[in-house]
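I opened the notebook with the sequence and the coordinates side by side. These entries record what I looked up, in the order I took it.

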Amino acid sequence: MARLLAYKNRQPQGEFPLSEGTTTIGRKPDNLICLQDRTVSGHHARLRLYREEVILQDLDSTNGTYVNRERIQEKALKDGDFILIGNWRLRLQLESPSAAAPPPMDMLRLATPGMPPGPVCDEVARRIQDMQTQVDARPTQDPHAPRPHARLHIGSGRNQGRNLDLLSPLNVLGEPGRQVVVIALGEPGQATTLTNLFSELDPPQVNEEPLAEGDSRSLQDCDVLEVAGVRMVLVMD
């Protein structure tokens, strides 16, 4: 069963089931999928579904139609593709909901210590799961080889002066609705990286250089990070 999972301003807004044939998307109420937002054209885009083939076409909209950050005029879609229409994000799901549901993901909150770990949205959870799949596919390491160890020395905010041990191959940090990053610890001989999965306003920084959403950067000992307004120094042993 095909459907579009809808998000607006990073918040889930429900889903739109798709049936075979043509589905119009736009701001006007005569569309089969009506997206109420001034960034959406009256008749913005059209989806054509036949069996497992899904074709998306832009209808000369003002702000354009994007698939996975690429502006398109017409494009064949695959399961998991993200459609960006104005302030709306629509994820195409061709699988059953149970098969496609992401695993639960929590992140360690940096700006609000003492609060429980915060949830991440489905989109970010899926990207983390993709990263976890890559980690699981790494060649088996020598069990006697030293394991990577790193910690963050917090330099600002309410946790200033504390050390945060990075205990997992993937460490999810940030604040809900503001920033979500992943620090992936490399095996011996591999780089440790910081990936910006989501930033609502200002992006995270590495040594005062901003990191765009979706980008990754290799980290070194003593790098200065800023995530969700909190400055930290990476210490790698």
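How many bridges join β22 to strand β23, and in which sense do they run? I looked this up first, keeping in mind that the model is predicted, and found four bridges between β22 and strand β23 (residues 230–236), with the two running antiparallel.

**Entry on the hairpin.** I then went to individual partners and noted that Val224 has Val233 in β23 as its bridge partner. The hairpin of β22 and β23 has two residues between the strands, and there I found Ala228 with a positive phi near 55°.

**Entry on the faces of β22.** I looked at strand β22 (residues 224–227) by its faces: Leu225 and Val227 belong to the covered face, whereas Val224 and Glu226 belong to the uncovered one. Glu226 came up again when I checked the pairing with strand β19, since it is the bridge partner of Gln205 in β22. Strand β19 (residues 205–206) pairs with β22 in the antiparallel sense, over two bridges.

**Entry on the whole sheet.** Following these pairings outward, I wrote down an open sheet of six strands in the order β15-β14-β23-β22-β19-β20, with antiparallel pairing. Which strands stand at the edges? They are β15 (163–166) and β20 (209–210), and each has a single partner strand, so one side of each is left without a neighbour in the sheet. For the β15 edge I also checked the contact with its partner: strand β14 (residues 150–154) is joined to β15 by four bridges and the two run antiparallel, with Leu152 standing opposite Leu164 in β15.

**Entry on positive phi.** I kept in mind that most residues other than glycine have a negative phi. I therefore recorded Glu208, a residue other than glycine whose phi is positive, near 70°. Glu208 lies in the loop between β19 and β20, and I noted it as exposed because its relative accessibility is 60%, the cut-off for that word being over 50%. Cys222 is a second entry of this kind: it is not a glycine, yet its phi is positive at about 80°. I placed Cys222 in the loop between β21 (216–219) and β22, and its relative accessible area of 51% makes it exposed as well.

**Entry on aromatic rings.** I searched for aromatic pairs and found that the structure holds one. The ring centres of Tyr7 and Phe82 are 6.5 Å apart and the planes are at 45°, so I wrote the pair down as tilted. The two residues come from distant parts of the chain, 75 residues apart, with Tyr7 in strand β1 (residues 2–8) and Phe82 in strand β10 (residues 82–85). Are these two residues buried or exposed? Tyr7 is buried, with a relative accessible area of 4%, and Phe82 is buried too, with a value of 14%.

**Entry on Thr23.** Last, I looked up Thr23, which sits in strand β3 (residues 21–26). Its relative accessible area is 7%, and I therefore noted Thr23 as buried, since that word is used under 20%. Leaving aside residues up to four places away in sequence, I listed what Thr23 touches: Leu18, Leu32, Ile33, Ala45, Arg46 and Leu47.

Note on methods
Residues numbered from 1 in each chain as written. Predicted model: local features only at pLDDT ≥ 70, side-chain atom pairs only at ≥ 80, totals over all residues. Heavy atoms only, no water. Phe/Tyr/Trp six-rings, centres within 6.5 Å; stacked < 30°, edge-to-face > 60°. Buried < 20%, exposed > 50% of the residue type's maximum accessible area, 1.4 Å probe, protein only. Contact = heavy atoms within 4.5 Å. Pairing = 2+ DSSP bridges.
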